[in-house]
Amino acid sequence: FAAAIGFATTVAEPALIAVAIKANQVSGGTITVTGLRFAVAVGVAFGVALGTFRIVTGTPLHWYIIAGYVIVIIQTSVAPKAIIPLAYDSGGVTTSTVTVPLVAALGVGLAETIQGRRPFLDGFGLIAFASLFPMISVMAYAQISEWRTRRLRDALANLEDST
C-alpha cells in the first residue's frame, strides 16, 4: 500500500512533470518524460515502502539513511556523469505539493497507531526516504540504459565484423 501511494503521488507530482519535460528538451529526447517520471516514482515507491517497514519494526532511522547515502556515493562514482545532477534534483523535486502531504500523513498516521513510535520523527523520516531513493533509482536507470546501449553497440560491431 505504501509503495502504491509513493508511486502514484510521484507520477502525479507537477514539479516532477515540469523537470521531466525540461530534461527531455535539454537532452534532445535521450531522457524520456515517462522514463524519468517512472524511474523517480519507482524510487519513491521503494523508499516509502522501506520507510513504513522501518516504522513498523522500530529500527533506527539513521542506519537506513546512512546506508542509502553510501549507495548514492558509490553510484555517483560509477554513474554517467551527465545524469548525476538530474538524479540529485529528482530527490528534491519529488518532495513537493502532492507527495509530501500524503506521504507525511501516512508516516504520522502509522507511527501514531504503533506504540512507542514518534509520529513527527517517523512521519518526516518517511519524507527523507522519499527524497533519497529517487536519486538511487534515476542513477540506476541511467546505468542500465548505458549498459543496454553499450551491449547493443557491441552486438552491432560483432555483426559487422562477422560479415
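**Close-ups of an all-helix chain**

At 5% relative accessibility, Arg54 counts as buried, so let's begin our tour right there. Everything shown here comes from a predicted model.

**View 1. A salt bridge joins Arg54 and Asp122.** Here Arg54 meets Asp122, and their closest N and O atoms sit 2.4 Å apart. Now check where the two partners come from: Asp122 belongs to helix H7 and Arg54 to helix H3, with their positions 68 residues apart, so this pair ties together distant parts of the chain. Is Asp122 buried or exposed? With a relative accessibility of 5%, Asp122 counts as buried, because the cut-off for buried is under 20%. Arg54 has 5% as well, so Arg54 passes that cut-off too. If you go hunting for other salt bridges, you can stop here: the structure holds 1.

**View 2. The protein chain is built from 7 helices and 0 strands.** Step back for a moment to see the setting. Following the sequence, you read the pattern α-α-α-α-α-α-α. The C-alpha trace spans about 70 × 30 × 25 Å along its principal axes. There are 163 residues in the chain, and 42% of them count as buried. Now look at contacts between residues with a separation of 6 or more: 80% of those involve residues 24 or more positions apart. As for the outside, the accessible surface comes to about 8700 Å², and carbon and sulfur atoms own 69% of that.

**View 3. Helix H4 runs over residues 61-78.** How far should the 18 residues of H4 span at 1.5 Å a residue? The expected figure is 26 Å, and the end C-alpha atoms are 27 Å apart, which agrees. Next, pick out the buried residues of H4: Leu61, Tyr64, Ile65, Gly68, Val72, Gln75 and Thr76. They cover an arc of only 110° around the axis, so they end up on the same side of H4. Turn to the other side of H4 and you'll find Trp63, Ile73, Ile74, Ser77 and Val78, which are exposed. What do the buried residues of H4 pack against? Their partners are helix H3 (33-57), helix H5 (84-93) and helix H7 (119-162).

**View 4. Trp63, Ile66, Val70 and Ile74 make a nonpolar surface patch.** This patch covers about 410 Å². You've already met two of its members: Trp63 and Ile74 are among the exposed residues of H4. Ile74 itself is found in helix H4.

**View 5. Helix H5 has buried residues that pack against H2, H3, H4 and H7.** The buried residues in H5 are Ile84, Leu86, Ala87, Ser90, Gly91 and Val93. Use the numbering to find one of their partners, helix H2, at residues 14-26. H4 is on the list too, which fits with the previous helix view, where buried residues of H4 pack against H5.

**View 6. Helix H3 has 25 residues.** From its first C-alpha to its last, H3 reaches 36 Å, close to the 36 Å expected at 1.5 Å a residue. Just after H3 comes Gly58, with a positive phi near 80°. Two residues of H3 are worth a zoom.

Val33 lies in H3 and has a relative accessible area of 24%, so Val33 is partly exposed. Leaving out residues up to four places away in sequence, Val33 touches Ala20, Ile21 and Asn24. Val33 and Phe133 are 100 residues apart along the chain, and their C-alpha atoms are separated by 19 Å.

Phe38 lies in H3 too, and at 40% relative accessibility Phe38 counts as partly exposed. With residues up to four places away set aside, Phe38 touches Phe7 and Val11. How far apart in space are Phe38 and Val138, C-alpha to C-alpha? The distance is 9.2 Å, although 100 residues separate the two in sequence.

**View 7. Gly125 is a buried residue of helix H7.** The relative accessible area of Gly125 is 4%, so Gly125 counts as buried. Which residues does Gly125 contact, leaving aside its neighbours within four places in sequence? They are Leu61 and Phe120. Leu61 should ring a bell, as one of the buried residues in H4. Finally, find Ala3, 122 residues away from Gly125 along the chain: the C-alpha atoms of Ala3 and Gly125 are separated by 15 Å.

Key: Residues numbered from 1 in each chain as written. Predicted model: local features only at pLDDT ≥ 70, side-chain atom pairs only at ≥ 80, totals over all residues. Heavy atoms only, no water. Helix = DSSP H or I, 4+ residues; strand = E, 2+ residues; numbered from the N terminus. Expected span 1.5 Å × (residues − 1). Buried < 20%, exposed > 50% of the residue type's maximum accessible area, 1.4 Å probe, protein only. Arc of directions from axis to C-beta. Contact = heavy atoms within 4.5 Å. Patch = residues over 30% accessible without salt bridge, like charges linked within 9 Å, V, L, I, M, F, W, Y side chains within 5 Å. Areas by Shrake-Rupley, 256 points an atom, 1.4 Å probe, with all protein chains shown as cover. Salt bridge = Lys/Arg side-chain N within 4 Å of Asp/Glu carboxyl O.
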